[in-house]
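Thanks for making the time this morning. I would like to walk through one structure with you, going from a single side chain out to the sheets and the core, so please have the sequence and the model open as I talk.

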Amino acid sequence: EKMQCIYGIFSASPVVTGTGQTSTLFEVDPGHPLISLAARIVPSPDWFVGIENFNLCDKNGWKRRVSIDLFPYDAGTDSGFTFSSPNFATIPRDTITEITCSSPSHPANSFYYPKLKTLPPIARVTMAKLKRKKLNFLFSQPNVTTTDNEVQDSVLETPLDCETSLWSSWGLCRGTCGNLGTKRRTRYILLQPANHGTPCPDLGEETHCEPDNCV
């Protein structure tokens with residue numbers, strides 16, 4: 001069975017005013033054409049919008065521009081019905097479900113509009129292929145529109161520094177008794193650098209130590 005792996009992790013600044021947009025850069029390649037993202041709906045502890053494993057490549061090659069309407073979901077970790085409900089953890093955790101105009105069927109539900117057939121989208125994500133084989137992620141309110149030129153002018157030259165995970169724990173000290181040994185720790189890349197951003201540092205580190213299990 002083919003192993004699935006994460007090529008990189010990206011983030012964007014929050015939309016703090018309730019309406020507006022944010023953007024960032026991310027990179028894909030033929031071996032990693034899928035993208036997943038989630039954005040929390042504040043102040044709810046477990047409501048969010050997002051997409052999962054969206055394929056940016058089809059039989060004709062990389063998609064030049066994609067816009068997807070986003071609808072609210074409940075992560076199933078809190079039992080409140082409204083944005084301002086006190087936090088009551090759901091134990092055991094429930095499954096992730098889409099929030100609709102009639103579900104949860106309770107007047108206290110912040111999205112409860114039983115006279116509507118469907119909820120309107122509360123956000124839209126737009127992904128545009130850039131000249132340098134990078135894709136831009138633009139998360140915005142549905143009625144906010146941008147052009148390809150606006151996206152390229154604003155983010156194409158933005159440096160993107162390498163981001164790495166924290167160091168792992170040190171491994172066992174290897175060597176012969178009576179002599180100094182070595183132990184090693186590692187980290188992995190969360191985000192590849194782009195646009196002349198800071199390159200990635202070494203992903204492994206060794207140090208001297210006293211060999212384990214010597215008596």
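Let me begin with a question: where is the place of Arg187? Arg187 sits in the loop between β12, residues 181-186, and β13, residues 189-191, and I should say straight away that what you are looking at is a predicted model. If we leave aside the neighbours within four places in sequence, Arg187 is in contact with Thr164, Ser165, Leu166 and Trp167, and also with Pro201, Asp202 and Leu203. Within that set, Asp202 deserves a second look, since its backbone oxygen lies 3.0 Å from a polar atom of the Arg187 side chain. As a further distance for this loop, Arg187 and Ser169 are 18 residues apart in sequence, and their C-alpha atoms are 9.6 Å apart in space.

Now to the overall picture. The protein has 215 residues, of which 29% count as buried, and its secondary structure comprises one helix and 14 strands. Among contacts between residues at least 6 apart in sequence, 55% join residues that are at least 24 apart. The protein exposes about 14300 Å², and carbon and sulfur atoms supply 53% of that area.

Let me turn to the sheet that contains β2 and β3. Four strands form an open sheet in the order β2-β3-β7-β8, with antiparallel pairing. Because β2 and β8, the latter being residues 97-98, stand at the edges with a single partner strand each, one side of each is left without a neighbour in the sheet. Between β2 and β3 there are six bridges, and the two strands run antiparallel; as one example of the register, Ala38 has Gly50 in β3 as its bridge partner. On to the next pairing, β3 and β7, residues 73-74, are joined in the antiparallel sense over two bridges, and here Phe48 has Tyr73 in β7 as its bridge partner.

The connection between β2 and β3 is also worth following, as these strands form a hairpin with six residues between them. Ser44 lies in that loop, and at 2% relative accessibility Ser44 counts as buried. A polar atom of the Ser44 side chain lies 3.3 Å from the backbone nitrogen of Asp46.

What about the faces of these strands? Along β2 the side chains alternate, with Ile35, Leu37 and Ala39 pointing to one face and buried, whereas Leu34, Ser36, Ala38 and Arg40 point to the other and are not buried. An alternation is found along β6 as well, where Val66, Ile68 and Leu70 point to one face and are buried, while Arg65, Ser67 and Asp69 point to the other and are not. Strand β6 runs antiparallel to β9, and six bridges join the two, with Ile68 finding its bridge partner in Val125 of β9.

That brings me to the core. Which residues have the most contacts inside the largest nonpolar core? They are Ile35, Ile51, Ile68, Leu70 and Met127, in a core of 20 residues. Strands β2 (34-40), β3 (47-55), β6 (65-70) and β9 (123-129) each supply at least two residues of this core. Apart from this core lies another, of five residues, among them Leu130, Leu160, Leu191 and Ala194. Coming back to Ile51, and again leaving aside neighbours within four places in sequence, its contacts are Ile35, Ser36, Leu37, Ile68, Leu70 and Met127.

Finally, the aromatic residues. The structure holds three aromatic pairs, and I will describe two of them. The rings of Phe10 and Phe26 have their centres 4.9 Å apart and their planes at 20°, so this pair is stacked. Since Phe10 lies in the segment before β1 (21-26) and Phe26 in strand β1 itself, the pair ties together parts that are 16 residues apart in sequence. Phe10 is partly exposed, at a relative accessible area of 21%, whereas Phe26 is buried, at 4%. The other pair, Trp47 and Phe111, is tilted, with 5.5 Å from centre to centre and 55° between the planes. Trp47 belongs to strand β3 and Phe111 to the loop between β8 and β9, so this pair links distant parts of the chain, 64 residues apart. Both Trp47 and Phe111 are buried.

How values were computed. Residues numbered from 1 in each chain as written. Predicted model: local features only at pLDDT ≥ 70, side-chain atom pairs only at ≥ 80, totals over all residues. Heavy atoms only, no water. Core = buried A, V, L, I, M, F, W, Y, C linked by side-chain atoms within 4.5 Å. Buried < 20%, exposed > 50% of the residue type's maximum accessible area, 1.4 Å probe, protein only. Contact = heavy atoms within 4.5 Å. Pairing = 2+ DSSP bridges. Polar contact = N/O pair within 3.5 Å; in protein donor to acceptor, adjacent residues only side chain to side chain. Phe/Tyr/Trp six-rings, centres within 6.5 Å; stacked < 30°, edge-to-face > 60°. Areas by Shrake-Rupley, 256 points an atom, 1.4 Å probe, with all protein chains shown as cover.
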